[in-house]
Amino acid sequence: MDNKGFSLHKRLRSFKFAFNGIRLLIANEHNAWIHCFAAVCVLIVGAVFGLSRGEWIAVSFAIGSVLAAEAVNSSIEALADVVSPQYNEKIKRCKDLAAGAVLLTAMAAAAVGLIIFIPKLTALF
């Protein structure tokens, strides 16, 4: 890696690459579509219930964590497919671990959602 010191231009250009990564995630990864749909639903329900500042922080971190985990998982899968297009047990293990990380993150996000929204829903009845 060529590191010729700090450059504001290079730092700003890195954001271009990062935003392209987000675009690729949302445009091409079917599981990310599911996560985005769930995120939009949570944001709408959160607005309807008038979440507190702390609840919005928790929801924001949960959504961001799931999408970030999905991006890492997708990048690992894409790289693994280039490195080993044929079946490889070690590559399968890497892919399974990355997918498991997304599932763990999604389960934690679901727990956050339940902790926040169940009391609000039960208060309606």
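This passage looks at a pocket, a residue in a helix and a pair of aromatic rings in a predicted model.

Start with the open space. The largest pocket holds about 290 Å³, and 16 residues line it. Ala38, Val42, Ile63, Ala109 and Ala110 are the lining residues that lie nearest the centre of this pocket. Three elements give two or more residues each to the lining: helix H2 (30-49), helix H3 (53-83) and helix H4 (89-123). H4 provides the largest share, with 6 residues. As for chemistry, the lining breaks down into 14 nonpolar residues and 2 polar ones, with no charged residues at all.

Helix H2 also contains alanine 32. With a relative accessibility of 0%, alanine 32 counts as buried, because the cut-off for that label is under 20%. Apart from neighbours within four places in sequence, alanine 32 is in contact with Leu25, Leu67 and Glu70. Serine 74 sits 42 residues away from alanine 32 in sequence, yet their C-alpha atoms are 9.3 Å apart in space.

Then there are the rings. The whole structure turns up 1 aromatic pair, made by phenylalanine 49 and phenylalanine 117. Their ring centres are 6.3 Å apart and their planes make an angle of 50 degrees, so the pair goes down as tilted. Phenylalanine 49 belongs to helix H2 and phenylalanine 117 to helix H4, so the pair ties together parts that lie 68 residues apart in sequence. The two partners get separate labels for exposure: phenylalanine 49 is partly exposed at 24% relative accessible area, whereas phenylalanine 117, at 10%, counts as buried.

Methods:
Residues are numbered from 1 along each chain as its sequence is written. This is a predicted model: local features need pLDDT of at least 70, side-chain atom pairs count only at pLDDT 80 or more; totals for chains, interfaces and linings use all residues. Side-chain values use heavy atoms; hydrogens and water are left out. On a 1 Å grid over the protein atoms alone, a cavity is a set of points where a 1.4 Å probe fits but cannot get out, and a pocket is an open set with protein on both sides within 12 Å along at least five of seven lines; lining residues have an atom within 4 Å of a point. Grid points are joined across faces, edges and corners, and a volume is the space filled by probe spheres set on the points. Helices (H or I, at least four residues) and strands (E, at least two) are DSSP runs, numbered from the N terminus. Ala, Val, Leu, Ile, Met, Phe, Trp, Tyr, Cys and Pro count as nonpolar, Asp, Glu, Lys and Arg as charged, and the others, Gly among them, as polar. Buried means under 20% relative accessible area, exposed over 50%, partly exposed in between (1.4 Å probe, protein chains only). Contact means heavy atoms within 4.5 Å. Rings of Phe, Tyr and Trp (its six-membered ring) pair if their centres lie within 6.5 Å; planes under 30 degrees apart count as stacked, over 60 as edge-to-face and the rest as tilted.
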